[in-house]
Amino acid sequence: MDTLYISNKDWESFIRGKIESRKIFAPFDFNGTLFYAKITAENADDIVYNRARPVEPLKLFLFPFKERVSPSVEGIGDIVVMGPAACDLKGLEILDRVFKDGDYKDPCYAERREKTLIISFDCASPYPVCFCELVGLHPYPEGNFDLNVSRIPEGFLVDIGSDKGRVFIGEDQKFFQITDELRKKRDEGRRKAGETIKELNRDFDFTNIENLKGACQTELWRIPKEVENCVQCGSCTNNCPTCVCFLLEDTGNRKEEMRKTKVWDSCLFPGYARMAAGASPRPTLYDRYANRLLCKYWYMVENFGMKGCTGCGRCIAGCAGKIDKRRVITEVLREKEKV
Amino acid sequence: MDKNIYEPVKCRVIEVITESPTIKTVILKPEKEFSFLAGQFASLTVPGVGEAPFTPSSSPYEKETLEFTVMKAGRVTAEIHNLKPGDTVGVRGPYGKPYPLDFYKGKEILLVGGGVGLAPLRALFFALMHTVKDYKRIVFCCGAKTPDDYIYKGKILDEWHPLCDKLPLCFRITVDRKDEKWKYGEGVVTKTLDGLDVDIKNSVAVVCGPPIMMKFTTLKLLEIGYTDPQIYLSMERKMYCGVGQCRHCLIGDLFVCKDGPVFTYDKLKGKPNIWV
């Protein structure tokens, strides 16, 4: 992979030069928290590079919360999303398999994916809820981006991950080949961020995470006390980079028109799996809570050959019941071992 | 461009037949041909109301019309019951895997259906009857709560039952509670499996009905000697997309929509809450 160097000043003017021609979103600090916003001439200096992942998952740009799918929407525009982290990029693999690479294609996803240029960032200051290292990932992107930006004091290192990324850089003369010294500097920063995440997670044990396979007994999920604090708000599923569940609403008129709208759904909602006559395969809160984690660490592993959890920690950060899933999993695995 | 997976084929309602106090059959004429294989299902849209998955109850060989037999259980099914001839609905599909009829060849096919579960079995029955000589014998065990709840009564009792004299076919008919006019068996449908004269080693059992019925039928079939892979169960779950994306229908890691809706029991064992 090509990695180029560009000075701080030149990168900033490079980005400024792009905002006229396309919509570019990047992370900005709102009261200490990172949210995506559109870059404008006024805010371009305030982009937050290389801190950690923004609050919103990347899927928001590719799989909108609500979208008409029949007849499908038209006029999807080109956008650039700056700032997704490694955990978000890993999640893309699941989104792609569900909506683009299977036997049946979503009407809009592939086009939107094609028209979205992704400029990811390294994470230098992970949150206490981050745990990518527990699920075998690292706080720096290793693929699935068009460009990746690593900040070092001297400027930016830019990895080119795709032809799309190469075209975006174009013939700009301000990018230079990097030296081994700069690469070493970056590697050292990355190593430190990884160590920080490991340190933040030393109380949690995911060693035997594959043992969640078959852990579907309701009683098992009553053992971690905090599960009862779940208020079934759906924050964890909405913010998850790999939660793809949606429902279809019929939004046409009552006579002939058949319009269908896709809306995010959450398996934590009691109505999610409830059938017409009222029966539900997951009648209790514990079944539903377990289902989400089993989906991440068992079902998706079978479905896609990879975990559905990338360690972004959004489900922990956003939990209204203050449930730390890492503690729940550690406890459930420990209990299961006893049986 | 790929065809939009969410765009239904428009259908005109031709006829609505009342099968029982809670079950109706709607006969539809699709605007363009809609083919399916026995065991596959389709999503039926009532415009502006919603969509729900059903296995057609008509013959897969019938290309002009399509029938769905639907029990009134919720919002969408209530609207299906309100349909009148001339109304417009939509169908998407077919989805899921068909029954492996090639594998069934030369075998004794045991069909066990209860209540509205007879609907998918009716499509399978038509398909089997189409090439009935391919199978050693068809044994059809039918059950319902009461004689009034029996669907396809006219067909089963008056048209199909008499065929048993001529074809390798046999019916075992029961209701949970009979009335004074009922001249067939009484008892839950598992009772029809008592004294079954089937060469179990060379047989498959296809079961469709309410979860509790499927559970006890499976247990009974295992008791009389069927093995897990010989038992074909029709699973039902909340479903939206029908194509393995929305994840509502998962039973563990299995999609009812694309891996099913019919599963052999060995595939389901160990998955969470299968008998719902």
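# Reading a predicted two-chain model

Guide: Chain B has a radius of gyration of 18 Å, which agrees with the value near 19 Å for a compact globule of 276 residues. This is a predicted model.

Visitor: What does the C-alpha trace of chain B span along its principal axes?

Guide: The spans are about 55 × 45 × 35 Å. Of the 276 residues of chain B, 52% count as buried. Chain B holds 6 helices and 15 strands.

Visitor: How much of the contact in chain B comes from residues 24 or more positions apart?

Guide: Among contacts with a separation of 6 or more, such residues account for 70% in chain B.

Visitor: How does chain A read on the radius of gyration, next to the globule rule?

Guide: First its elements: chain A has 10 helices and 11 strands. Its radius of gyration is 21 Å, close to the 20 Å that the rule gives for 339 residues, so chain A is as compact as a globular protein of that length. The C-alpha trace of chain A spans about 65 × 60 × 40 Å along its principal axes. Buried residues make up 42% of the 339 residues in chain A. Of the contacts in chain A between residues at least 6 apart in sequence, 72% join residues at least 24 apart.

Visitor: Now the strands. Which residues of β11(B) lie on one side and which on the other?

Guide: The general idea is that side chains in a regular strand alternate between the two faces of the sheet. In β11(B), B:S203, B:A205 and B:V207 are on one side, while B:V204, B:V206 and B:C208 are on the other. Both faces are covered, and these residues are all buried. Strand β11 of chain B covers residues 203-208, and 6 of its 6 residues are buried.

Visitor: Which strands pair with β11(B)?

Guide: Strand β7 (residues 108-114) of chain B pairs with β11(B) in the parallel sense over 6 bridges. To fix the register, B:I109 stands opposite B:V204. Strand β12 (residues 231-234) of chain B also runs parallel to β11(B), joined by 3 bridges. There, B:V207 stands opposite B:L233. Between β11(B) and β12(B) the chain passes through helix α5 (residues 211-223) of chain B, and this β-α-β crossover is right-handed.

Visitor: Where does the pairing go from β7(B)?

Guide: It goes to β8(B), which runs parallel to β7(B) and is joined to it by 7 bridges. B:L110 has B:V139 as its bridge partner in β8(B). The two strands and helix α3 (residues 118-130) of chain B make a right-handed β-α-β unit. Strand β8 of chain B, residues 137-144, is mostly covered, with 7 of its 8 residues buried.

Visitor: How many bridges join β8(B) to β9(B)?

Guide: There are 7 bridges, and the strands run parallel; β9 of chain B takes in residues 169-175. The bridge partner of B:G143 in β9(B) is B:T174. With helix α4 (residues 153-160) of chain B, β8(B) and β9(B) make a right-handed β-α-β unit.

Visitor: Which residues touch the most other members in the largest nonpolar core?

Guide: In soluble globular proteins, nonpolar side chains tend to be buried together. Here the largest nonpolar core has 170 residues, and B:L111, B:A205 and B:V206 touch the most other members. The largest share of this core, 10 residues, comes from helix α8 (residues 285-304) of chain A.

Visitor: Which residues does B:L111 touch?

Guide: Leaving out residues up to four places away in sequence, B:L111 touches B:L121, B:L124, B:F125, B:I138, B:F140, B:C141 and B:V206.

Visitor: How many residues does each chain give to the contact?

Guide: The size of an interface is often given as the accessible area lost when the parts come together. Counted by residues, this contact takes 35 from chain B and 40 from chain A. On the side of chain B that touches chain A, the elements giving two or more residues are β4 (50-54) and β6 (88-95) of chain B. By class, that side of chain B has 13 nonpolar, 14 polar and 8 charged residues.

Visitor: One last residue. Is A:K322 buried or exposed?

Guide: A residue counts as exposed if 12 or fewer other C-beta atoms lie within 10 Å of its own. A:K322 has 8, so it is exposed. A:K322 lies in the loop between α9 (314-317) and α10 (325-338) of chain A. The C-alpha atoms of A:K322 and A:V227 are separated by 9.5 Å, although these residues are 95 residues apart along the chain.

Notes: Residues numbered from 1 in each chain as written. Chains lettered and ligands numbered in written order. Predicted model: local features only at pLDDT ≥ 70, side-chain atom pairs only at ≥ 80, totals over all residues. Contact = placed C-beta atoms within 7 Å. Helix = DSSP H or I, 4+ residues; strand = E, 2+ residues; numbered from the N terminus. Nonpolar A, V, L, I, M, F, W, Y, C, P; charged D, E, K, R; others polar. Buried ≥ 20, exposed ≤ 12 C-beta atoms within 10 Å, placed from the backbone. Pairing = 2+ DSSP bridges. Right-handed = clockwise from strand over helix to strand, strands pointing away. Rg over C-alpha atoms; globule rule 2.2 N^0.38 Å. Core = buried A, V, L, I, M, F, W, Y, C linked by C-beta atoms within 7 Å.
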